[in-house]
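Please look over the pockets of this structure and the strands beside them. A few points are set out below the view.

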Amino acid sequence: MKRSFHVTVAALFFSAGLSPLVFAGDLYDLDPEHTQAIFHIDHLGYSTVTGSFRQLKGVLTLDEEHPEQSLVEATIEASSIDTGVPTRDEDLRSSQFFDVARHQTITFRTVKVKRRGPRSADLSGELTLLGISRPVTLRTTFNQIAPDPLRGSRMVAGFTATTSIRRTDYGMKAFIPLIGDVVRIDINVEAIRR
């Protein structure tokens with residue numbers, strides 16, 4: 001149980017924004033092929049539009065003995081937004097929404113983890129979007145850490161998380177209230193030990 005909790009807490013540090021080279025622990029790279037940041041937003045009350053970001057990178061420093069020192073540094077390329085509709089994606093890259101010409105990246109920085117159960121925790125941190133940083137809490141579930149036979153038995157850590165934000169908190173006010181303000185975000189992560 002002790003090892004399980006250490007791994008759980010460490011795996012939940014989804015973006016402290018600090019260099020992992022400063023701390024002891026195993027280094028894990030976020031696997032961009034199996035890591036997703038998916039958003040959901042109301043469209044005129046008719047439906048929910050979903051989208052994701054195709055380019056993410058990050059490094060998890062997993063210290064099982066001292067989970068409070070475990071960190072992840074992660075970055076999302078805002079221009080990689082993909083809703084499945086190219087014309088809408090171009091609109092979302094414009095200055096009315098993600099303004100990718102001036103704000104290329106989205107980051108999340110961990111500040112605190114509060115355990116909710118043996119495999120779950122509330123991960124508090126700071127989301128930076130459009131150059132504005134705001135506190136958010138990710139409700140996170142640790143899935144597992146184990147060797148993956150499909151990746152040469154390399155050790156893989158996996159977890160899922162969800163949160164909601166108000167886009168107006170980050171200065172994204174276009175088409176309010178026609179297009180929703182509240183955005184639900186789901187995160188799926190697999191990280192591979194180096």
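The points below cover the model, two pockets and some strand pairing.

1. This is a predicted model, in which local features need pLDDT of at least 70, side-chain atom pairs count only at pLDDT 80 or more, and totals for chains, interfaces and linings use all residues. Residues are numbered from 1 along each chain as its sequence is written, and side-chain values use heavy atoms, with hydrogens and water left out.

2. The largest pocket (an open set of points on a 1 Å grid over the protein atoms alone, where a 1.4 Å probe fits, with protein on both sides within 12 Å along at least five of seven lines) holds about 720 Å³ of space. Its lining (residues with an atom within 4 Å of a point) counts 40 residues, and Phe39, Phe53, Phe98, Met172 and Val183 are the closest to the centre.

3. By class, that lining has 27 nonpolar, nine polar and four charged residues. Here Ala, Val, Leu, Ile, Met, Phe, Trp, Tyr, Cys and Pro are nonpolar, Asp, Glu, Lys and Arg are charged, and the others, Gly among them, are polar.

4. Strand E2 (residues 36-43) gives six residues to the lining of the largest pocket, the largest share. Strands (E) are DSSP runs of at least two residues, numbered from the N terminus.

5. E2 pairs with strand E3 (residues 47-53) in the antiparallel sense over six bridges; pairing takes at least two bridges found by DSSP. Phenylalanine 39 has glycine 51 in E3 as its bridge partner. Three residues lie between the strands of this hairpin, where leucine 44 takes a positive phi near 60 degrees.

6. The second largest pocket has a volume (the space filled by probe spheres set on the points, with grid points joined across faces, edges and corners) of about 170 Å³. Among its 15 lining residues, Gln144, Val156, Ala157, Gly158 and Glu190 lie nearest the centre.

Methods: Helices (H or I, at least four residues) and strands (E, at least two) are DSSP runs, numbered from the N terminus.
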